[in-house]
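Here are a few exercises to work through with the model open beside you. Try each task before you read its solution.

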Amino acid sequence: MRILGIETSCDETAAAIVENGKVVLSTTLASSLQLHAKTGGIIPEIAARDQVKAIIPVLETCFSQICHSERSEESLSLSEISSEILRFTQDDINNFKNSIDAIAVTTGPGLIGSLLVGVETAKALAFAWHKPLIPVNHLVGHFYANWLTEDQPPSFPFLFLLVSGGHTDLVIVKDHGVYEWVGGTRDDAAGEAFDKTARLLGFDYPGGPKLSKLAESGNSEEFKLPRPMINSGDFDFSFSGLKTAVLTLAKDKQFTDQQKANLACSIEEAIVEVLVKKTVKAAKEYGTKEIALGGGVVANRRLREAMKENWDCVHIPPPSLCTDNASVIAAAAFYNQKEIPWQEVKADPSLHF
Ligand code: KG4
Ligand code: ZN
């Protein structure tokens with residue numbers, strides 16, 4: 001079964017065609033991230049307008065790849081999109097239509113303007129092409145990065161740690177479609193903590209990867225930062241206090257390059273230590289043998305290392321599958337085929353686990 005996945009929950013416009021929830025036949029992604037670099041975060045209105053510009057070229061690229069029958073992966077920049085609108089014949093469009101069995105779309109959570117672009121496009125295609133439409137919760141989609149790698153997927157039940165710019169959640173995944181949320185952030189998400197502290201060090205949005213790169217040449221001895229909620233009895237997280245601690249430390253200070261690297265290293269250590277300690281504690285308490293990770297922060301080298309050092313069986317997909325993409329949405333739809341009439345599919349910005 002071939003499913004076309006569409007993902008537009010935030011600043012990425014993505015489409016992918018995945019066979020039987022496992023083989024990515026075609027995947028295309030355009031991002032408006034560079035437009036948000038100077039503003040310190042994503043401006044919903046700008047992200048939504050870019051979704052409108054990108055959605056058709058992204059779908060066309062995704063389909064043209066599959067019609068040339070080679071597995072491929074493509075990232076489009078917005079300038080390419082505006083200058084390279086593809087032109088298709090009626091035969092091409094019939095080929096596209098015949099190459100898929102169902103359409104899956106992220107219905108939430110996310111930014112409403114962005115979500116609507118994907119949801120309404122998916123509904124229009126489902127209506128015009130008489131294809132089943134499968135709504136997918138974006139958060140659940142993140143589990144399925146672990147089904148798209150060469151490795152064996154995790155065995156149920158497993159503990160899933162989702163760490164992205166918008167979410168920090170611990171979930172026990174008991175089966176496809178059966179999961180229990182056990183904890184999450186009470187304020188900033190882990191990615192947000194990286195981005196906001198990175199901003200205090202002078203990095204553009206998203207500063208997480210840049211802070212992490214700088215941390216490689218630092219040490220965590222010089223600056224002692226708090227580990228918020230590390231010993232709380234629950235599985236919740238809080239990262240806003242860390243941001244305040246860094247703000248207090250950095251205020252009116254002129255750091256040398258080495259001190260800046262040391263501070264970056266301390267920030268990274270503080271975030272990673274809390275994430276790893278709480279995840280391991282939850283795995284022990286709920287008796288799950290396997291842990292799987294997802295979300296953009298999984299690109300963090302320290303987090304990957306520390307998770308492996310502290311737990312025997314950890315599934316860590318490559319960063320390209322951990323960040324937002326449409327392949328995981330198509331894979332999630334394959335394993336959770338609750339097809340509903342397209343008229344009833346609605347964007348829900350505050351959908352949760
Ligand atoms: O999942 P994602 O691509 O987007 C959503 O938030 O949905 O995650 C992006 C987040 C950003 O906050 C970014 O700074 C963070 O992931 N991130 C990193 C690294 N790479 C991406 N944080 C720390 N270290 C990294 N290497
Ligand atoms: Zn995401």
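**Exercise 1. Find which side-chain N or O atom of aspartate 195 pairs with ligand 1, and at what distance.**

Solution. Start at the side chain of aspartate 195: one of its N or O atoms is 2.5 Å from an oxygen atom of ligand 1. That is a polar contact, meaning a pair of N or O atoms within 3.5 Å; within protein, one must be able to donate a hydrogen and the other to accept it, and residues adjacent in sequence count only if both atoms are side-chain atoms. Next, turn to the backbone: a polar backbone atom of glycine 166 is 3.4 Å from a ligand oxygen, and a backbone N or O atom of glycine 191 lies 3.3 Å from an oxygen atom of ligand 1. Finally, look at the cover: ligand 1 taken alone exposes 550 Å², and the protein buries 86% of that (Shrake-Rupley areas with a 1.4 Å probe).

A word on conventions: this is a predicted model, in which local features need pLDDT of at least 70 and side-chain atom pairs count only at pLDDT 80 or more, while totals for chains, interfaces and linings use all residues. Residues are numbered from 1 along each chain as its sequence is written, chains are lettered from A and ligands numbered from 1 in the order in which they are written, and side-chain values use heavy atoms, with hydrogens and water left out.

**Exercise 2. Describe the residues that surround ligand 1.**

Solution. First, count: 17 residues surround the ligand, and the closest are Gly165, Asp195, Gly296, Asn300 and Asp324 (a residue is near if one of its heavy atoms lies within 4 Å). Then sort the shell by type: five residues are nonpolar, ten polar and two charged, with Gly counted as polar. Last, assign elements: α6 (190-200) and α7 (208-215) each supply at least two residues of the shell; helices are DSSP runs of H or I, at least four residues, and strands are runs of E, at least two.

**Exercise 3. Is glutamine 51 buried or exposed, and what does its side chain reach?**

Solution. Locate glutamine 51 in helix α1 (residues 44-67). Its relative accessible area is 1%, so glutamine 51 is buried (under 20%; exposed is over 50%, partly exposed in between; 1.4 Å probe, protein chains only). Now follow the side chain of glutamine 51, which reaches the backbone oxygen of cysteine 10 at 2.9 Å.

**Exercise 4. Place alanine 30 in the fold.**

Solution. Alanine 30 belongs to strand β3 (residues 23-31). With a relative accessible area of 2%, alanine 30 is buried. Across 17 residues of sequence, alanine 30 and threonine 13 are 5.2 Å apart, C-alpha to C-alpha.
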